[in-house]
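Q: Please take a close look at one part of this structure: its salt bridges and a helix pair that goes with them. I am new to it, so keep the sentences short.

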Amino acid sequence: MMKDVSVAILGASGYTGAELVRLLALHPAFHVKVMTGDRKAGQSMDSVFPHLGGLKLPNLVAIDQVDFKTVDAVFCCLPHGTTQEVIAALPASVKVVDLSADFRLFNVDTYAQWYGHEHRAPDLQKQAVYGLTELARGPVAKARLVANPGCYPTSVQLPLIPLLKAGLIEATDIVIDAKSGVSGAGRAAKEANLYTEVTEGMHAYGVASHRHSPEIEQGLSEAAGAPVLVTFTPHLIPMSRGMLSTIYVKTKKGAKAADLRACLAKTYNDEPFVRVLPEGVVPHTRHVRGSNHCLMSVFDDRVPGRIIITSVIDNLVKGASGQALQNMNLMFGLPETLGLEQQPLFP
């Protein structure tokens with residue numbers, strides 16, 4: 001019989017918090033006991049997210065009202081820069097998956113450089129495990145604190161890390177052209193995310209300065225065994241959810257697309273959520289919508305020695321809440337697919 005696990009969701013009034021509630025609704029072991037949302041404190045989840053009505057959830061409360069000794073696990077969905085002190089104050093018995101960027105970068109000086117302030121829990125950072133689940137199962141299962149990867153880094157690292165480890169691609173001149181739906185910017189009211197500002201157009205943002213760059217480079221450098229710098233440009237596209245990364249790489253030893261595809265297929269052959277598509281098949285964001293799946297494909301470029309890789313995920317599921325649940329399942333010794341087996345929603 002599965003042990004009942006009491007769960008707190010911090011920041012449940014945001015998109016990633018709401019996705020966690022949706023996924024946990026059918027989870028056989030994890031049960032939501034506490035939900036925080038400081039700006040929505042005192043409100044019911046039904047009123048904040050009507051699509052989650054009828055789940056008999058607790059009302060939202062402020063974080064300072066929570067007795068964390070009453071829960072076994074915490075999903076932290078708070079904004080970047082706000083979670084280090086919160087997590088540092090939690091009881092050591094509580095297992096944590098942090099969906100913010102606050103524990104993703106191993107080097108606290110790199111964190112300070114990209115996030116504009118000193119790391120507020122450097123000792124705790126040493127304990128954090130970077131939770132790219134398929135490539136870090138052992139460390140995740142033993143962890144007390146998991147830093148959940150960002151959405152762009154998930155879509156990029158899943159295809160690139162195995163190829164770098166296998167020595168099939170050069171670690172230099174990697175170009176990443178990535179696109180995300182508007183939900184990736186969060187639920188806070190921002191003029192730039194208004195319907196009239198976003199619809200019927202698309203644009204690049206964070207050009208040469210996006211904070212996911214050091215996170216991507218950290219994982220790729222570890223895989224390559226040497227420092228890796230990438231050209232990474234994200235774009236905002238007028239849809240609610242979904243993420244597409246198109247990646248351009250140079251091959252080693254005359255490798256072709258078929259060689260790279262075979263490497264990825266071998267790596268992910270038995271994975272429940274990552275699938276390498278057959279030759280010539282292009283992955284679509286609509287084919288992963290609402291799911292914890294990642295689809296990828298590999299193509300020979302017309303330029304000799306260059307390969308094009310495409311990778312798609314749902315930025316709110318595999319790129320955030322789904323991967324967080326996948327990690328938490330492992331941390332409690334449960335099958336990682338629990339709560340995540342629903343198929344993509346189409347059309």
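A: What follows covers the salt bridges, then a helix contact.

This is a predicted model, where local features need pLDDT of at least 70, side-chain atom pairs count only at pLDDT 80 or more, and totals for chains, interfaces and linings use all residues. Residues are numbered from 1 along each chain as its sequence is written, and side-chain values use heavy atoms, with hydrogens and water left out.

The structure holds eleven salt bridges. The term stands for a side-chain nitrogen of Lys or Arg within 4 Å of a carboxyl oxygen of Asp or Glu.

One of them pairs arginine 137 with glutamate 271, at 2.4 Å from N to O. Arginine 137 sits in helix H6 (residues 137-142), while glutamate 271 is in the loop between helix H10 (257-268) and strand E12 (274-276), so the bridge ties together parts 134 residues apart in sequence. Helices (H or I, at least four residues) and strands (E, at least two) are DSSP runs, numbered from the N terminus. Glutamate 271 is buried, at 16% relative accessibility. Arginine 137 is partly exposed, at 27%. Buried means under 20% relative accessible area, exposed over 50%, and partly exposed in between (1.4 Å probe, protein chains only).

Another bridge joins lysine 250 to aspartate 173, with their closest N and O atoms 3.3 Å apart. Lysine 250 belongs to strand E11 (residues 243-250) and aspartate 173 to the loop between helix H7 (151-165) and strand E8 (174-180), so this pair links parts 77 residues apart in sequence. Lysine 250 is partly exposed, with 35% relative accessible area. Aspartate 173 is partly exposed too, with 34%.

Aspartate 177 and lysine 179 also meet through their side chains, at 2.4 Å from N to O. Aspartate 177 is partly exposed, at 23%. Elsewhere, salt bridges with shared partners join Glu19, Arg22, Arg241 and Asp314 into one network.

Now the helix pair. The axes of H1 (residues 15-24) and H11 (residues 317-331) come within 9 Å and cross at roughly 50°. Axes are lines fitted to C-alpha atoms, for helices over the stretch in contact, and angles run from 0 to 180 degrees between N-to-C directions. H1 is therefore oblique to H11. Angles under 35 degrees count as roughly parallel, over 145 as roughly antiparallel, 65 to 115 as roughly perpendicular, and the rest as oblique.

Which residues of H1 meet H11? They are Thr16, Glu19, Leu20, Arg22, Leu23 and Leu24, and their partners in H11 are Val317, Ala320, Ser321, Gly322 and Leu325. Contact means heavy atoms within 4.5 Å.
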